[in-house]
Each structure stands twice: as structure tokens, then as C-alpha cells.
Amino acid sequence: MSSAINSSLHNFKVVMLDAECRYANWAGDIAASDFVWDFVRFDSRESLLLHLEEHICDAVIIPCSMRAQVDIELMAKIANVQPTLVRVFIGAEYWNAAQKSNAADVAHRIYPSSVNIEGMGESLEYQIKLLKLLNRNSLQAYVGVVGCLPSPPSIYRQLTAAINSDRADLGEISEIVEQDPAVVAQIMKQVNSAFFGFERTIVNVNEAISMLGVRNLRSLALSSQLNDQFKSPDDWQAFSFEKLHARSLIIARLAQSICRRAGASKVMQDQAFLAGLLHDLGVLIMASNNPEQYKKLLNYAVKKKKPIYLVEKAAFGFFHGEVAGALLALWNLPPQVIEAVMLHHVPHLSKDTSFSVLTAVHVADAMIPSVHVEGECNLASNLSLRYLDQVGVMDEVPQWRIVANEYRVRMVSNS
């Protein structure tokens, strides 16, 4: 995996919408750089879409205009035309918070207006290679075989549409969630657990929305439906699926808190919450698909004193982060969420040099103890000091440990 991500022997096809000819010099800058790209600029949305309908490309770059909704809708349309394309916005500084939030749901990266080829080239290539890993045949075949849902659960889709419409009110959001009483029950159980620490009991969905926000409620609804999809086998005793679910909620809350303390945007906080909830989804998928085989992998990991993700990689050619990432990519979940789920055990493979959703989820997973596993296999991440130094957050680690300890206490009180 590392060699695939770090390899630079690729001729990538990158297209750009440049209706105002602001980036006419980029072709020359690319030619003078170390990046080997086929780079083409288009002067209209129509010509760009027509090209993407007829030619497979690796990345698309769209400069942000004053018509934010038009740009976001174009990017969403591109995602449907070529789902395996890396999608990039440049210059969203003047968009409002809601527009930036919607943009973050469809774009892999949003760069500032001042970015140049040298500033974004390595990061863009990393995103392209990461996406290619998720779409390799062996991984896609496995995701298909294990019986994963071909589309995201309906409640998640409906809540996403409501969020993007900017017109949905509290009553409409409640009606969507209340379609599935089992989801409502799970959400209310989680909201009133020690993990959230609310001072009073939340008694209905409307209150839950008010306390959590629509995006966090949407995340809990998705997690609840997935937990119901991938259940513990009847004779499974290696570890508790329910406790793994509970731990994921702790990771979600801690990752969100870490983002907040780092001064991250509300969008990043919400994405960290969702990624934390789903970070070990691949473990549930693999364990429920072939319980006996996965038990052997857990035992082998203990015997050889290796992390479980390396044992999975040796056995399958991919590990649980990639399995979950491939499924979530099929559903067009936010790319930053997919990246955090995929790389939470191996964040050093990221080319980022600043705090991100991946940072928060990796730190949270490493600082909260693993659920008990038969044979004492550790499912948690090992804190990557190399990565934390790479993104410049080493000075924050002591404070994060203090916050994490507060959540460890909640984990014990809820067990």
C-alpha cells in the first residue's frame, strides 16, 4: 500500500474549468514542474461535462465563482458521471458557512485562491492514488461478495437531501428519522448515554436534533442502520459487536472534541464525528462475513505480535479500513470521512501537512483502549508520532490525552 501511494510514475489526466482564463499559465507551470500530468483547461461547464462523459480522467479542478450553488451542483453532477474522479475546489473563501459545508461533502479538497501547482500538486497526486487503491478489482469484488448495500441507507439519503435543500424544518427532519422506529430507539439510547453527558434526559427526536444538530443526527442514523446490517454471528465470542459500536461513539465524540479544540471548522467537526462512528465498520464487515476466518486472523495477530490491519493485509491484500472506505466511496460519503476511515491505522501515508479529520480520528482511536478481544488482540491504532510531527501537532498531544481520559471515564461508567 505504501509503495502504491508514494509511487510517482504515473501520467495523470487532470482537467480544469477556467471560464475566466485565470489559470492560463498553469499548463506551463506543470510542464516546468516534476509532475507528469495531461492537463486540459475548459472554458465552459458544458464542454467540461461533455469531455468527462467521453474520457476517463483522474482529477477535476473547479475555481469557485460567486454562484456557489451552481459550482456545487456541477461538482455533484461530475461525481455521478465519474465517481472515481478526485474533485477539487479552489478559492471558497468568500462562500458562506452553509455553502462551504455543502462543498466539503462533494470535494476531496478545497484549496485557497492563492494556491499554485507546487502547493497542491503532491497532495492532488496523493488523493488520486488513494482513490485508485479503493477502486482496485480485488477490493471491489470483496465488497460486492459480502453483501454490502448497493446504496446508502434511505434515511441517510433523505437527511442529506434535506440538509442540502436549506428549506427543511425541524418537523420534516423528525419525520424522516421517525420512519424507522428501530433507528429512533438507537439514536435516543445513544444520546442519553454517558458518552454525550447531557445533564437531562432527551425525550424525543426534536430535542435530539436541537442538542446534536442535523448532521450529527444523520451520522447516528447511518451508524445505527449499518450496525443493524452487519450483526454479530450467533456463535461469535471473539469480541462484543455492541461494545465495538459503543467504543466507536466514544471515538466520534473525542474526535469531534479534538477538532473543536484545534479550532477546526464546524464542517470538519461534523465529519470527524461521522468518521469516528464508522472507523471500524470494516472490522464488522469482515468478522460478520467469515467469522471463523476472522477469529484465526485475530489469534494470528496475537501470536505474531502484529497489528490486526497488517494481518488482514497479508491474508486478503487489503485491510478493514480499505473495506469500509470502498463501501463508503460507493455511497459518495464526504471524501475526508472516507480518507479518515481508510487510513486511521496508517495516517503517515497521508501527504497532508496540517490538521485534518484523519488527524482527529487517528488520535482518538489511539488514545481510547480497545474493546476486549479474546486472546487480547488490540484493535486500536498505535499513535503515530511520525504523522503527528508531519502535521505539526505534537505540542497538542498532552492536552489531547487529558481530554481522552475524560472519555475513557465515560466509557467505563457506561459499560
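Helix H13 (241-261) gives the second largest pocket the largest share of its lining, seven residues. This is a predicted model, and the briefing below walks you through its two largest pockets, beginning with the one where H13 takes part.

**The second largest pocket**

- The space in the second largest pocket comes to about 770 Å³.
- Its lining is made of 31 residues, and those closest to the centre are Lys189, Glu242, Lys243, His245 and Ala246.
- Besides H13, you can look for helix H10 (181-191), helix H12 and helix H22 (397-413), as each of these supplies at least two lining residues.
- If you sort the lining of the second largest pocket by type, you get 11 nonpolar, 12 polar and eight charged residues.

**The largest pocket**

- Now turn to the largest pocket, which holds about 1000 Å³ of space.
- Here 41 residues form the lining, with Ala104, Ile110, Ser265, Met268 and Gln336 closest to the centre of the pocket.
- Helix H5 brings six residues, the largest share of this lining.
- Several elements each supply at least two residues to the lining of the largest pocket, including helix H5 (97-106), strand S5 (109-111), helix H6 (117-134) and helix H12 (214-229).
- Further along the chain, helix H14 (266-278), helix H19 (335-343) and helix H20 (357-367) each supply at least two residues as well.
- By type, the lining of the largest pocket splits into 16 nonpolar, 13 polar and 12 charged residues.

**A helix to look for in both**

- Helix H12 supplies at least two lining residues to the largest pocket, and H12 also supplies at least two to the second largest pocket.

Technical notes
Residues numbered from 1 in each chain as written. Predicted model: local features only at pLDDT ≥ 70, side-chain atom pairs only at ≥ 80, totals over all residues. Heavy atoms only, no water. 1 Å grid on protein atoms, 1.4 Å probe; cavity = no way out; pocket = protein on both sides within 12 Å on 5 of 7 lines; lining within 4 Å. Points joined across faces, edges and corners; volume = space filled by probe spheres on them. Helix = DSSP H or I, 4+ residues; strand = E, 2+ residues; numbered from the N terminus. Nonpolar A, V, L, I, M, F, W, Y, C, P; charged D, E, K, R; others polar.
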